[in-house]
Each structure stands twice: as C-alpha cells, then as structure tokens.
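Here is a short note for a colleague opening this structure for the first time. Please read it with the model on screen.

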Amino acid sequence: MLPRFLSSSYPMERHFFLVPKFALSLIGFYPEQERTWSLRAWSFFNFFILTYGCYAEAHYGIIQIPINIALALDALCPVASSILSLLKMIAVWWYRDEFKWLIQRVRKLTEQQSSKRKLSYKQRIYTLATRLTTLLLFCGFCTSTSYSVRHLTDNMLRRAHGKDWIYETPFKMIFPESFLRLPLYPLIYMLVHWHGYITVVCFVGADGFFLGFCLYLTVLLHSLRDDVCDLLAIRDDKLVITPKEESQIVRGMELLIDRHNEVAELTERLSGIMVEITLGHFVTSSLIIGTSVVDMLLFSGVGIIVYLVYTCAVLTEIFLYCLGGTYIMEACLELSNSVFSSHWHGHSVRVQKMTLLMIARSQRVLFIKIPFFSPSLETLTSILRFTGSLIALAKSVI
C-alpha cells in the first residue's frame with residue numbers, strides 16, 4: 001500500500017514541490033527557508049562535508065589508476081555524482097532568490113486554476129511529480145545505503161573467518177591515517193555516510209525543481225488551452241455575436257495572450273537558472289552510467305548490487321529531465337492544435353488575428369534552453385546509445 005502523500009487523495013496544495021522541499025530542507029538549502037544563523041552554519045557544514053568528500057574521493061581514485069583500476073573506478077564512479085551534486089548545491093544557493101520568486105509565482109498562477117476540469121488534471125500532474133521525485137529519492141537513498149551495507153557485509157564476513165576488520169570508509173576516500181583508527185574512526189565513518197546522503201538530497205532537490213517546474217508549467221499551458229477554447233466557443237443557438245460580446249472576447253483574448261507570454265517568460269527564467277545544472281547533468285550522464293556498468297562487470301557479489309542500484313538512480317535522474325522537457329513541448333503543441341481546432345474563424349477579423357498570433361507563438365515550442373542539448377525523450381535515447389558505445393569501448397580496453 002502506497003503512503004498517503006503518494007496517493008491522489010493527498011491535499012493538492014501540499015503536493016507542490018513536496019519532495020524537493022523535504023530534501024533541500026534537510027541540509028538547509030531550500031530557497032523559502034528563513035536564513036537564521038543556525039541554518040547558515042548547518043548549510044555551511046553540509047557544504048564542507050560534500051566538498052571535502054569530492055576531493056577525497058577524486059584523490060583516492062586518481063592515485064589508484066596505475067595501481068588497481070577496479071579500485072580507481074570504485075572511487076571515481078560515485079565522485080562524478082558527488083561533484084555534480086556539489087554543482088547543484090552551489091547553483092541552488094547562488095540563484096536562491098530567483099528560485100524563491102519562481103516558486104511563489106508559479107504557486108500563485110496554478111492556484112488560480114480552480115475549475116473542476118482544471119483541478120482534475122492538476123491533481124494528476126501534481127501527484128505524478130511527487131511520485132517521480134519520490135522514486136528518485138528512494139533510488140538515491142538505496143544507492144548511498146548500499147555502499148555502507150557492502151562495506152559492513154565484507155567486514156563481517158572477514159570477522160567470521162577470523163580476519164581483522166578493515167578500517168576504511170564506505171566510499172573510497174583519502175584521509176590521514178589517524179582518522180582511520182579508533183577512537184576517531186566511527187565519527188569519520190558516520191560523516192562519510194552522511195556525505196552520501198548529502199549527495200542524494202542535492203540531486204533530488206535540484207532535479208525535483210526541474211521536473212516540478214516543467215510539470216507545473218504544463219498545468220498552466222493546459223489551463224490556457226481550456227480557457228482559449230471556451231472563450232472562442234460558439235453556441236449552436238448563437239449564430240450572430242453582438243459587438244458588445246465581441247469586445248468582451250477581444251479583452252479576454254488579450255488577457256490570455258498575456259498569460260501565454262508570462263508562461264514563456266517563466267520558462268525563459270527557469271532556463272537561466274537551470275542551465276549549469278542541466279548542462280552538467282547531460283554532459284556527465286553517459287560517463288556516469290557507463291562507469292557504473294563497467295564496475296558491475298568488474299565486481300562480484302554485493303558489489304554488483306551496489307552498482308545496479310546506482311545505475312538505476314542515474315537513469316532515473318536523466319529520465320526525469322527528459323520527461324519534464326517532453327511534457328512542456330507536448331503541452332505547447334497541444335495548445336496550438338486545440339486553438340486551431342476551435343471556432344476562431346467564426347469571430348471578427350481582429351479576434352482571428354489574435355488567435356493566429358497565439359497559434360504561431362504556440363508552435364514555437366517552449367523548452368529549457370541549454371547549450372548543445374534539449375531535454376526530451378529523443379535526447380534520452382541518444383544518450384543511451386552513446387553510453388552503449390562507451391561501455392563497448394571500455395570492455396575492449398579493460
């Protein structure tokens with residue numbers, strides 16, 4: 001049975017960025033949080049833990065490349081995600097005021113869509129956003145936890161065979177030797193374990209923002225589609241439209257065009273603050289997936305499960321980006337087709353011109369603009385094909 005917050009009966013207003021808010025609030029980086037001194041200290045602590053973890057993992061992996069390629073990949077595979085999460089943490093902090101404004105503005109606009117028909121697809125899309133980001137959180141949590149489980153399992157098996165406990169961290173990192181001995185070792189172990197969870201909540205928060213904004217903007221586009229079609233509809237018993245009614249329609253079209261322009265502006269502003277995050281994710285996704293698959297081929301036992309879960313988490317991330325971009329593009333095309341199929345031709349020339357303007361604007365599909373990429377399911381297939389080529393190349397070399 002699903003938890004209540006994943007069901008469609010959960011209050012709609014509480015679905016709004018539910019999982020990203022939970023994730024980023026854990027580390028003190030949610031844009032709407034009050035920036036008290038204690039919260040700033042907590043967020044800086046998490047930033048320091050993640051930053052040092054990226055350095056320690058990368059250092060360990062680079063040192064191990066000429067010695068043991070399997071250990072090197074075991075360290076470098078998760079460090080790619082950690083560095084990307086650090087980038088997302090910095091971007092969310094740097095654009096925190098812009099994120100806060102966008103969250104509040106999109107919330108206000110979606111709350112205005114309150115008809116019965118609009119509420120039905122609002123509920124469906126809001127629930128979808130919560131379920132997908134929860135899936136990402138679950139995959140990330142399982143991935144981070146599996147590293148610790150693997151280390152503890154290996155050491156318990158060693159103890160069962162009369163061997164000594166290996167004092168190392170769940171993620172391969174460089175530390176001073178004194179940190180990997182008692183009494184400091186348990187504290188370092190917990191901090192490294194927490195480093196893994198910081199990585200998870202960072203990408204859940206940033207990726208959840210991307211998916212959430214895309215789906216909530218889709219709601220606004222669907223609402224705009226319904227309002228335009230309702231405004232231009234002509235009743236069968238109303239063959240002649242009076243000048244007063246026509247002037248009301250013109251005024252209504254002006255307001256709807258303003259709404260369409262605002263959705264386009266919101267998409268543009270979202271592109272501006274998500275460009276670093278999205279570009280970094282698309283550039284590194286093939287490398288991360290390919291490395292994790294190669295690690296599955298090199299390891300055995302619990303190690304295979306670790307990297308299987310890790311691959312699922314990374315695939316879920318890139319799928320959410322591509323799905324969000326596809327939703328917006330399809331909503332634009334649907335708006336254009338629905339407006340064109342309405343009774344716009346039965347109105348005055350002025351209304352017809354305004355309608356054709358909206359159709360033309362809708363055909364210029366809205367999407368999150370990033371260099372070299374456009375988040376869509378077509379892009380996902382290209383990434384997977386390139387990943388397959390990387391895996392084949394790595395297998396032939398290793």
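1. Start with a small enclosed space. The residues lining the second largest cavity are Gly28, Phe29, Tyr30, Pro31, Arg35, Val92, Trp93 and Arg96. By class, five of these lining residues are nonpolar, one is polar and two are charged. The space inside the second largest cavity comes to about 50 Å³.

2. Keep in mind that this is a predicted model. The mean pLDDT of the protein chain is 83, and 88% of the residues reach at least 70. Confidence peaks in helix H2, residues 18–26, at a mean of 94. Confidence is lowest in helix H11, residues 377–397, where the mean is 66. Please read helix H11 with that value in mind.

3. What is the chain built from? The protein chain has 11 helices and zero strands. Read from the N terminus, every element in the run is α.

4. Now the packing. The protein chain has 398 residues, and 50% of them are buried. Take the contacts with a separation of 6 or more: 79% of them join residues 24 or more positions apart. The exposed area of the protein chain is about 19200 Å². Carbon and sulfur atoms supply 66% of that area.

5. Back to empty space. Rolling a probe the size of a water molecule over the atoms shows where such space is left. How many cavities of 30 Å³ or more are there? The count is four. The largest cavity has a volume of about 150 Å³.

6. Look at the wall of the largest cavity. Its lining holds 17 residues. Those nearest the centre of the largest cavity are Ser81, Thr143, Thr199, Phe203 and Tyr310. The lining has eight nonpolar residues, eight polar ones and one charged one.

7. Which helices supply at least two residues each to that lining? They are helix H4 (69–94), helix H6 (116–160), helix H7 (185–232) and helix H9 (302–340). H7 gives the most, with five residues.

8. Check Ser271 next. Ser271 lies in helix H8, which spans residues 243–298. Is Ser271 buried or exposed? Ser271 has a relative accessible area of 6%, and the limit for buried is under 20%, so Ser271 counts as buried. Lys369 is 98 residues away from Ser271 along the chain. Even so, the C-alpha atoms of Ser271 and Lys369 are separated by 5.5 Å.

9. Two backbone details deserve a look. One is a cis peptide bond, running from Leu182 to Pro183, with omega near 10 degrees. Pro183 is in the loop between H6 and H7. Both of these helices also supply residues to the lining of the largest cavity.

10. The other detail is Phe17. Phe17 is not a glycine, yet its phi is positive, at about 50 degrees. Phe17 sits in the loop between helix H1 (12–15) and H2. Why does Phe17 count as buried? The relative accessible area of Phe17 is 1%, and buried means under 20%, so Phe17 falls in that class.

Conventions
Residues numbered from 1 in each chain as written. Predicted model: local features only at pLDDT ≥ 70, side-chain atom pairs only at ≥ 80, totals over all residues. Heavy atoms only, no water. Helix = DSSP H or I, 4+ residues; strand = E, 2+ residues; numbered from the N terminus. Buried < 20%, exposed > 50% of the residue type's maximum accessible area, 1.4 Å probe, protein only. Contact = heavy atoms within 4.5 Å. Areas by Shrake-Rupley, 256 points an atom, 1.4 Å probe, with all protein chains shown as cover. 1 Å grid on protein atoms, 1.4 Å probe; cavity = no way out; pocket = protein on both sides within 12 Å on 5 of 7 lines; lining within 4 Å. Points joined across faces, edges and corners; volume = space filled by probe spheres on them. Nonpolar A, V, L, I, M, F, W, Y, C, P; charged D, E, K, R; others polar. pLDDT = per-residue confidence, 0-100.
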